[in-house]
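User: I would like to learn how to read salt bridges and surface patches in a model. Please take me through one case.

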Amino acid sequence: MADPKHLDQITERVERLLLRHEELQRTNALLVEQVHALQAERDSLKSRLMAARARIDALLERLAPSHIDPAHAPTDSHKDRA
């Protein structure tokens with residue numbers, strides 16, 4: 001039969017490992033929640049950005065070339081600054 005002292009040490013180690021495993025599971029669950037929240041925030045910000053870009057594009061479309069003074073018209077070098 002195994003030494004009782006040795007069995008007690010193994011039992012303690014197993015119990016500590018189980019506790020650590022539970023802690024890691026809780027931590028992982030919290031991190032997964034944070035990831036989901038950040039993904040939702042990112043998606044919301046992307047949506048808001050796309051809507052803002054669409055509004056700006058619509059405003060630019062409303063500006064007919066006849067309404068712009070050629071001396072003050074924006075040049076093509078300003079288009080690709082994103």
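## Salt bridges and surface patches

Analyst: This is a predicted model. By the distance rule used here, a side-chain nitrogen of Lys or Arg within 4 Å of a carboxyl oxygen of Asp or Glu, the count comes to two salt bridges.

User: What is the general idea behind such a pair?

Analyst: Side chains of opposite charge can pair when their charged atoms come close. In this structure, one of the pairs is Arg 20 with Glu 23, where the closest N and O atoms are 3.3 Å apart.

User: How are Arg 20 and Glu 23 placed along helix H1?

Analyst: They are three residues apart in helix H1, and therefore separated by about one helical turn.

User: Are these two side chains buried or exposed?

Analyst: Read the relative accessible area against the cut-offs: under 20% is buried, over 50% is exposed, and values in between are partly exposed. Arg 20 has 46% relative accessibility, so it counts as partly exposed. Glu 23, with 36%, is partly exposed too.

User: Which residues make a salt bridge with an N to O distance of 3.0 Å?

Analyst: The side chains of Arg 42 and Asp 43 meet in that salt bridge. Arg 42 is partly exposed at 43% relative accessibility, and Asp 43 is partly exposed with a relative accessible area of 40%.

User: Now the patches. Which residues gather in a patch of negative charge on the surface?

Analyst: A residue must have over 30% relative accessible area and no salt bridge to join a patch, and like charges are joined within 9 Å. Here Asp 3, Asp 8, Glu 12 and Glu 15 form the negative patch on the surface. Asp 8 lies in helix H1, which spans residues 4–62. Its relative accessible area is 47%, so Asp 8 is partly exposed.

User: Which side chains form the nonpolar patch on the surface?

Analyst: Leu 7, Ile 10, Val 14 and Leu 18 form it, with about 330 Å² of accessible area together. Leu 7 is also found in helix H1, and at 41% relative accessibility Leu 7 counts as partly exposed.

User: What does the chain as a whole look like in these terms, and how many helices and strands are there?

Analyst: The chain has one helix and zero strands. Of its 82 residues, 0% count as buried. The accessible surface of the chain comes to about 8200 Å², and 59% of that surface belongs to carbon and sulfur atoms.

Methods:
Residues numbered from 1 in each chain as written. Predicted model: local features only at pLDDT ≥ 70, side-chain atom pairs only at ≥ 80, totals over all residues. Heavy atoms only, no water. Patch = residues over 30% accessible without salt bridge, like charges linked within 9 Å, V, L, I, M, F, W, Y side chains within 5 Å. Areas by Shrake-Rupley, 256 points an atom, 1.4 Å probe, with all protein chains shown as cover. Lys, Arg positive; Asp, Glu negative; His and termini not counted. Charge placed at Lys NZ, Arg CZ, Asp CG, Glu CD. Helix = DSSP H or I, 4+ residues; strand = E, 2+ residues; numbered from the N terminus. Buried < 20%, exposed > 50% of the residue type's maximum accessible area, 1.4 Å probe, protein only.
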